[in-house]
Amino acid sequence: MREYDDVTKEVVVSDFLGGIGVMDLSRKYEIPKSTLQGWIKNATHHHLWRVESPNGPQSKGKCVVCKAEKFFPNSITEFGWPLAPAFKAKPK
Ligand SMILES: [Zn+2]
C-alpha cells in the first residue's frame, strides 16, 4: 500500500471540505477511494466523547468513533461541551 504524506492528506481533505466529491478527488490525486474515505472520516468527524464519571480534577473521555482519548477538566467547558446540569455552578 502506498504511503502518503501529511501535506497530501491536508490538501485532499481541504478540497473535500471545499465541496469536491470523493470520486473526483480519487481521480484527481490517483488515490484509492477507500484511502480517501479514511482520511476524511478522521479529519471531519465530530468526536463523540464518552466521558467517564468525574474522579478528581479531570475526566477521561474516549471518542467512540476513532478511539482517541482526551482528558477533560471537570470545572470548565471546552469546545462548547455542555456540562451536565449537576456540574454547573448553582446561582447564588
Ligand atoms: Zn474521534
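Start with the whole chain and colour it by burial: buried residues make up 3% of the 92 residues in this predicted model. While everything is still on screen, look at the contacts too. Of those with a separation of 6 or more, 16% join residues 24 or more positions apart.

Now switch to cartoon. You should find 3 helices and 3 strands, and walking along the sequence gives you α-α-α-β-β-β.

**Stop one: H1.** Select residues 6-17. That is helix H1, with 12 residues. Draw a distance from its first C-alpha to its last and you get 16 Å, close to the 16 Å expected at 1.5 Å a residue. Then step just past the end of H1 to Gly19, where phi is positive, at about 110 degrees.

**Stop two: H2 against H3.** Select residues 22-29 for H2 and 33-44 for H3. A pair of packed helices is described by two things, the angle between the axes and the distance between them. Here the axes come within 9 Å and cross at roughly 115 degrees. Turn the view to look through one helix at the other, and the crossing of H2 past H3 is right-handed.

Which residues of H2 and H3 meet? Show side chains for Val22, Leu25 and Ser26 on the H2 side, and for Lys33, Leu36 and Gln37 on the H3 side. Colour them by class and this contact splits into 3 nonpolar, 2 polar and 1 charged residues.

**Stop three: Glu30.** Stay in this area and pick Glu30, in the loop between H2 and H3. Its phi is positive, about 55 degrees, although Glu30 is not a glycine. That deserves a click, because most residues other than glycine have a negative phi. Is Glu30 buried or exposed? Count the other C-beta atoms within 10 Å and you reach 8; since 12 or fewer counts as exposed, Glu30 is exposed.

**Stop four: Lys67.** Move on to the strands and select S2 (58-63) and S3 (69-73), then pick Lys67 in the loop between them. Here is another positive phi in a residue other than glycine, near 70 degrees. Run the C-beta count again: Lys67 has 7 others within 10 Å, so Lys67 is exposed.

To finish, put Glu30 and Lys67 on screen together. Glu30 sits in a loop between helices H2 and H3, while Lys67 sits in a loop between strands S2 and S3. Glu30 has a positive phi, and so does Lys67.

Terms used. Residues are numbered from 1 along each chain as its sequence is written. This is a predicted model: local features need pLDDT of at least 70, side-chain atom pairs count only at pLDDT 80 or more; totals for chains, interfaces and linings use all residues. Helices (H or I, at least four residues) and strands (E, at least two) are DSSP runs, numbered from the N terminus. The expected span of a helix is 1.5 Å times one less than its number of residues. A residue is buried if 20 or more other C-beta atoms lie within 10 Å of its own, exposed if 12 or fewer, and partly exposed in between; C-beta atoms are placed from the backbone. Two residues are in contact if their C-beta atoms, placed from the backbone, lie within 7 Å. Axes are lines fitted to C-alpha atoms, for helices over the stretch in contact, and angles run from 0 to 180 degrees between N-to-C directions. A crossing is left-handed if the near helix is turned anticlockwise from the far one by less than a right angle, and right-handed if clockwise. Ala, Val, Leu, Ile, Met, Phe, Trp, Tyr, Cys and Pro count as nonpolar, Asp, Glu, Lys and Arg as charged, and the others, Gly among them, as polar.
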